[in-house]
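Q: Please take a close look at one part of this model: the place where two helices pack against each other. How do they meet, and what lies around that part?

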Amino acid sequence: MKRIFPVLVLVIFIGGAESAGAVDAARLYADKCAPCHGPGGRGGPSAPPHKRNAFITEGSPEEIKQVIMNGRQGAEKKYPDFPLAMPGGLVTEAQADALVPYLKGPLQTGKGGVPRGRCGPGEHRGPRCGRGMR
Ligand code: HEC
């Protein structure tokens with residue numbers, strides 16, 4: 001029990017810090033989605049693109065939110081070329097609510113999202129953004 005306590009405090013602290021402000025969807029996307037879906041949703045080796053993807057641009061917000069919250073695994077999977085499953089539980093419901101309009105809006109237009117080749121707010125230069133990323 002003594003060993004678990006500091007970890008619990010940390011989890012509560014991080015959780016509290018995240019829910020304190022409005023969700024920064026661009027930052028969240030860069031952190032939690034771009035590792036698979038590629039910077040700016042342009043697709044990656046393990047997951048389909050979100051940019052110019054009809055499921056995103058024309059699909060119902062509710063359906064997109066369900067995939068973000070619950071993932072898509074097993075028989076529900078749609079892309080045989082990507083053997084990986086879409087994991088569920090990556091984000092909270094509030095974060096999913098913020099991600100849906102981000103996916104349909106700024107991510108498609110590039111306006112207000114993470115600009116091409118530029119780091120998002122608070123994002124450090126690295127493999128996901130910066131000079132090498134054009
Ligand atoms: C571990 C890799 C991984 C991560 C991280 C990930 N995804 Fe996915 N995602 C996938 C894969 C693989 C699929 C395709 C599943 C399939 O075959 O239907 C997918 C599918 C999707 C789809 C459906 C796309 C379509 O065309 O039907 C949406 C929406 C989606 N992801 C949103 C997100 C969001 C938002 C995040 C960040 C919170 C995220 N994903 C993080 C791997 C990932």
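A: In this predicted model, α5 and helix α6 (residues 93-104) pack at an angle of about 130°. Their axes are 9 Å apart. Why quote an angle and a distance? Two packed helices are described by the angle between their axes and the distance between the axes. Angles over 145 degrees count as roughly antiparallel, and 65 to 115 as roughly perpendicular. α5 and α6 are therefore oblique to each other. The crossing of α5 past α6 is right-handed.

Now the residues. From α5, the contact uses Pro61, Ile64, Lys65, Ile68 and Met69. From α6 come Glu93, Ala96, Asp97, Leu99, Val100 and Leu103. By class, this contact of α5 with α6 has eight nonpolar residues, three charged ones and no polar ones.

α5 also has a place in the surroundings of the ligand. There are 25 residues around the ligand, and Cys33, Cys36, Lys78, Tyr79 and Met86 come nearest. Two elements give two or more residues to this shell: α3 (34-37) and α5 (61-70). The shell around the ligand holds 18 nonpolar, three polar and four charged residues.

A last word on confidence. The protein has a mean pLDDT of 83, and 68% of its residues reach 70 or more. Residues 16-20 have pLDDT below 50. Beyond near neighbours in sequence, that stretch makes zero contacts in the model. Where pLDDT is low, the predicted coordinates should not be read in detail.

Methods. Residues numbered from 1 in each chain as written. Predicted model: local features only at pLDDT ≥ 70, side-chain atom pairs only at ≥ 80, totals over all residues. Near = placed C-beta within 6 Å. Helix = DSSP H or I, 4+ residues; strand = E, 2+ residues; numbered from the N terminus. Nonpolar A, V, L, I, M, F, W, Y, C, P; charged D, E, K, R; others polar. Axes fitted to C-alpha atoms, helices over the stretch in contact; angles between N-to-C directions. Parallel < 35°, antiparallel > 145°, perpendicular 65-115°, else oblique. Left-handed = near helix turned anticlockwise from the far one by under 90°. Contact = placed C-beta atoms within 7 Å. pLDDT = per-residue confidence, 0-100.
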